[in-house]
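Subject: A structure for you to look through

Dear colleague,

Please find below the structure that I promised to hand over, together with its sequence. Have a look at it in your viewer before you read on, and then compare what you see with my notes.

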Amino acid sequence: MLIETAQGLYCPDGDFHVDPWAPVARAVITHAHGDHARPGSSSYLCADRCAPLLRRRFGSEAIIESTPYGQGLTIGSTRVSFHPAGHILGSAQIRIEGAQGVWVISGDYKRAPDPTCEPFEPVRCDTFITESTFGLPIYRWDPADVVIADMLSWWDANRERGLTSIVFCYTIGKAQRLLDELARVADRPVLVHGMMVPMIEVYRSAGVRMLDTHTVIDRPRGTSLAGELVLAPPSARGTPWMRRLGDLSDALTSGLMRVRGVRRQRAYDRGFVISDHADWPALLDTITATGAGRIVATHGHAEPLARFLREQGLESRVMRTAWEDEGGADDYE
Ligand SMILES: [Zn+2]
Ligand SMILES: [Zn+2]
């Protein structure tokens, strides 16, 4: 049903690619992150709630079609539908039914509750292509409200010491999830890096309730930011923009922060383990829930997951992506 090509996964029966990493005629997209949705394709198809994010990334000229979750479309000799993946706003698993049975491509997903997006929905299939970003037994997440409570007390402690708190987080998904979760326990505005504004706006238009945000740049020069919480993409770390923040304490939010060595090596004051990916138990539960006899693991720790599944008697292999050699584009989700 799906074959690996130089542009990524291709479905000959429907003549479309799934999350291609090079321009193609028809791209079917799981979600709006940069390693799944690349610019330059002639047309895009995604879930309805994903479309505004793609539109913001690709501009007004791009041809973007969308469809509601669960509604099947006939493409060539296949039936294609999108099902919630619980990863970020509009994220979807793609179900393809055709002569070779039912295939589901998970895209990125998580099972933990996230108020900014629709919860993951298990879909029965014959072949399940699962992400495996955190496919090792060491990766297990605490509930998000526990992590958020921790973040709030860190912010309060920094306020008392006259420090600015800066949290580095992914621009699409993680930032909005933090702003939504924080709105449940705090009522203060948060400062953000200018790069975060467009996607925060898309989430607000989609009805996601978040803390008020202002940009750091809009604060008059010389204003002290002591006691404020600032969200910024990891790429802003160490740039001249940081000088505006004054004395600060910094943190990274990522599943990677589960690993002490990574925390130390990257030299953040704090690591908050909050991820938009499935942890190890969630990967295994999900694979079981699909009922699939054949599992293809992709992204991150694919080999250990595939090996574990083979030991359990499942047919399982690894599929590499174009991102594998770049140190993982999913680092900060
Ligand atoms: Zn993603
Ligand atoms: Zn990804």
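**Two aspartates in loops**

D19 is found in the loop between β3 and β4 (26–28), and please keep in mind from the start that this is a predicted model. The backbone of D19 has a positive phi of about 45°, although this residue is not a glycine. With a relative accessibility of 10%, D19 counts as buried, because buried means under 20% relative accessible area. A second aspartate, D15, also has a positive phi, of about 50°, and is likewise not a glycine; the place of D15 is in the loop between β2 and β3 (16–18).

**The open sheet**

The strands just mentioned belong to an open sheet, in which six strands follow one another in the order β1-β2-β3-β4-β5-β6, with mixed pairing. At the edges of this sheet stand β1 and β6 (64–67), each of which pairs on one side only. On average, neighbouring strands of the sheet are turned by 35° against each other, if direction is ignored. Within it, β4 pairs with strand β5 (residues 43–47) in the parallel sense, over three bridges, and if you want one pair of residues to look for, A27 has Y44 as its bridge partner in β5. As you follow any of these strands, it may help to remember that in a regular strand the side chains alternate between the two faces of the sheet.

**An enclosed strand and an enclosed helix**

Which strand has five of its five residues buried? This is β10 (residues 101–105), and because every one of its five residues is buried, the strand is largely enclosed by the rest of the structure. Strand β9 (residues 92–98) runs antiparallel to β10 and is joined to it by five bridges, while a hairpin leads from β9 to β10 through two residues. β10 also pairs with β11, this time in the parallel sense and over three bridges. A convenient residue to select here is V104, which is the bridge partner of R95 and which also stands opposite F128 in β11.

Helix α3 (residues 174–183) gives a similar picture, since 10 of its 10 residues are buried, so the helix too is largely enclosed by the rest of the structure. Among these buried residues are not just A175, L178 and L179 but also K174, R177, D180 and E181.

**The two cavities**

How many cavities of 30 Å³ or more does a search of the whole structure find? The search finds two. The largest cavity holds about 210 Å³ of space and is lined by 22 residues, of which L9, D19, T298, H299 and M319 lie nearest its centre, so that you meet D19 here again. Three strands, β1 (3–5), β2 (8–11) and β11 (127–131), each supply at least two residues of this lining, and by class the lining divides into seven nonpolar, nine polar and six charged residues.

The second largest cavity contains about 50 Å³ of space, and its lining has seven nonpolar residues, one polar residue and two charged ones. Residues that line it include W141, D142, P143, V273 and I274, and R177, which you have already met in helix α3, is also part of this lining.

**Cysteines without a partner**

A search of the whole structure finds zero disulfides. A disulfide is a covalent bond between the sulfur atoms of two cysteines, and the sulfur atoms have to lie within 2.5 Å of each other to be counted as one. Why does C125 form no such bond? The cysteine sulfur closest to that of C125 belongs to C11 and is 15 Å away, which is too far for a bond. For C169 the closest cysteine sulfur is in C117, and because that distance is also 15 Å, it is again too far for a bond. Both residues are buried, C125 with a relative accessible area of 7% and C169 at 0% relative accessibility.

**One proline to end with**

Lastly, you may like to find P234, which lies in the loop between β15 (229–232) and β16 (248–253) and which, at 14% relative accessibility, counts as buried. Its C-alpha atom is separated by 20 Å from that of E201, a residue 33 places apart from P234 along the chain.

With best wishes

Notes
Residues numbered from 1 in each chain as written. Chains lettered and ligands numbered in written order. Predicted model: local features only at pLDDT ≥ 70, side-chain atom pairs only at ≥ 80, totals over all residues. Heavy atoms only, no water. Buried < 20%, exposed > 50% of the residue type's maximum accessible area, 1.4 Å probe, protein only. 1 Å grid on protein atoms, 1.4 Å probe; cavity = no way out; pocket = protein on both sides within 12 Å on 5 of 7 lines; lining within 4 Å. Points joined across faces, edges and corners; volume = space filled by probe spheres on them. Helix = DSSP H or I, 4+ residues; strand = E, 2+ residues; numbered from the N terminus. Nonpolar A, V, L, I, M, F, W, Y, C, P; charged D, E, K, R; others polar. Pairing = 2+ DSSP bridges. Axes fitted to C-alpha atoms, helices over the stretch in contact; angles between N-to-C directions.
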